[in-house]
Amino acid sequence: MKLSVLKDFLNESIQHVYKAISNKTTIPILTGIKIDADSSGMTLTASDTDISIQSFIPIEKGELQVIEMKQSGSVVLPSKFFVEIIRKLPAQHIEIEVKEHFQTIIRSGSSEIQLMGLDPEEYPIMPGIEESKRIQIPSDVLKTMIKQTSFAVSTNEATPILTGILWSIADGKLKFIACDRHRLATRETPIDTEEGLTLSNVAIAGKTLNELSKILPDQNTLIDVVFADNQVLFKMNSILFYTRILEGTYPDTSKLIPQSYQTQLVVQTDNLVDAIDRAYLLSREDKSNIVKLVMREDQTIEISSSSSELGKVTEELNTESLTGELLRISFNSKYMLDALKVMDSHHIHIGFTGAMQPIIIRPDEQASLLQLILPYRTTT
């Protein structure tokens, strides 16, 4: 293999695929990035068996010649060194030449680096996916849905299915659910699908979707999502992002969400976030994160927290409306802040069915997003 490529294009491609490299892999060749070069361009591949990312660099982009292909070929290069070397090379043109036994020479400006490559034939083949179940979703919508749910996945590997976000499709709507047994986040959006297309029990690891979110285009680009038996493929521009579906059955969370409330509260989002944030400063010192909310007859609420060593924070907030039974509620302030900070709404509705029942948080006049957190039982 022998070629010359523009540094910016190669570096961008490397940064995309490097997200699939894991230091924990027990397969030595997966610590490398595979390069395939032919008359159409270069394809970079990285994988940790859970996720695989491919990025394609074309020979030309518009009128710009990106690659000068002198000889096709393939090689696997050690990712840790390859990433750093390319980023630090002095010139815009980078020449890569692979010789016998996959010895690779990289030249740029006055620099020349030699790397010991690996046999690409030993690299796992990318999974073949039949494109029978496919949807399209705008990249900005997908990014927002991941942001509004991924924080609620479980970090406990003892229940792997709960470390994922559940995807379901019914009646032309895509729904995400994330739950760690203490809180739940759901987001729904209408999508264009083939008539009658349904999807159930497809859970994708939250950390994987967060990595995907980092390489999703910011502009409103349609992303193809292809579902297979145990794999999902995201297709965007010049990038293919494969991930496996988590094994197991996701629990039914629908019964956690009440259909009616005995108390409802509407409050300005920023005011509530700021008040809970200040209370959180003290509550985290006791490592409890517990903050209390007390409802008053004058349509105000009191937010408070205390630390046995530092003292107490108390703050009074006006509400837009407060109806139903007045309650005293204790909750995990970090969970509440996580839920509130993804609302994108000036006002929020909070519903209660009792002091020890789930707290339901929704943005103002938006039924597509819902957050649930469980309250704490406290002695006061």
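This is a selection-by-selection tour of a predicted model.

**The five-stranded sheet**

Start by selecting strands E7, E1, E9, E10 and E11, which make an open sheet in that order with antiparallel pairing. Strand E7 (67-71) and strand E11 (111-116) are the edge strands; each has a single partner strand, so one side of each has no neighbour in the sheet. From one strand to the next, the twist averages 15 degrees.

Narrow the selection to E1 (residues 2-6) and E7, an antiparallel pair joined by four bridges. To find one point on this pairing, pick Val-5, whose bridge partner in E7 is Ile-67.

**Helices on the sheet**

Next, add helix H1 (residues 7-18), which lies across E1 and strand E9 (93-98) and runs at about 90 degrees to E1. Helix H2 (residues 79-88) also packs on the sheet, where it touches E9, strand E10 (103-108) and E11. The direction of H2 makes about 170 degrees with that of E11.

Return to H1 for its dimensions: its 12 residues reach 16 Å from the first C-alpha to the last, close to the 16 Å expected at 1.5 Å a residue. Which residues of H1 are buried? Select Lys-7, Leu-10, Asn-11, Ser-13, Ile-14, His-16 and Val-17 to show them.

**Lys-70**

Move to Lys-70, in strand E7. Lys-70 is partly exposed because its relative accessible area is 43%, which falls between the limits of 20% for buried and 50% for exposed. Leaving aside residues up to four places away in sequence, Lys-70 touches Lys-2, Leu-3 and Glu-95. Draw a distance from Lys-70 to Lys-2: the two are 68 residues apart along the chain, while their C-alpha atoms are separated by 5.3 Å.

**The loop at His-101**

Select His-101, in the loop between E9 and E10. Its phi is positive, about 60 degrees, although His-101 is not a glycine. Most residues other than glycine have a negative phi. Is His-101 buried or exposed? It is exposed, with a relative accessible area of 67%.

**Asn-237**

Another residue to check for its backbone is Asn-237, which sits in the loop between strand E18 (231-236) and strand E19 (239-244). Asn-237 is not a glycine, yet its phi is positive at about 40 degrees. With 66% relative accessibility, Asn-237 counts as exposed.

**Thr-300**

Go on to strand E22 (residues 300-307) and select Thr-300. Thr-300 counts as buried because its relative accessibility is 4%, and the cut-off for buried is under 20%. Show side chains here: that of Thr-300 makes a polar contact of 2.6 Å with the side chain of Asp-298. For the surroundings, display Val-294, Met-295, Glu-316, Leu-317, Asn-318, Thr-319 and Leu-322, which Thr-300 touches when residues up to four places away in sequence are not counted.

**Ala-355**

End at Ala-355, in the loop between strand E26 (347-352) and strand E27 (359-363). Ala-355 is partly exposed, at a relative accessible area of 32%. What does Ala-355 touch, not counting residues up to four places away in sequence? Its contacts are Leu-327, Arg-328, Ile-329 and Pro-375.

As a last step, draw a line from the C-alpha of Ala-355 back to that of Glu-95: the residues are 260 apart in sequence and 67 Å apart in space. Glu-95 was met earlier as one of the residues that Lys-70 touches.

Terms used
Residues are numbered from 1 along each chain as its sequence is written. This is a predicted model: local features need pLDDT of at least 70, side-chain atom pairs count only at pLDDT 80 or more; totals for chains, interfaces and linings use all residues. Side-chain values use heavy atoms; hydrogens and water are left out. Two strands pair if DSSP finds at least two bridges between them. Helices (H or I, at least four residues) and strands (E, at least two) are DSSP runs, numbered from the N terminus. Axes are lines fitted to C-alpha atoms, for helices over the stretch in contact, and angles run from 0 to 180 degrees between N-to-C directions. Contact means heavy atoms within 4.5 Å. Buried means under 20% relative accessible area, exposed over 50%, partly exposed in between (1.4 Å probe, protein chains only). The expected span of a helix is 1.5 Å times one less than its number of residues. A polar contact is a pair of N or O atoms within 3.5 Å; within protein, one must be able to donate a hydrogen and the other to accept it, and residues adjacent in sequence count only if both atoms are side-chain atoms.
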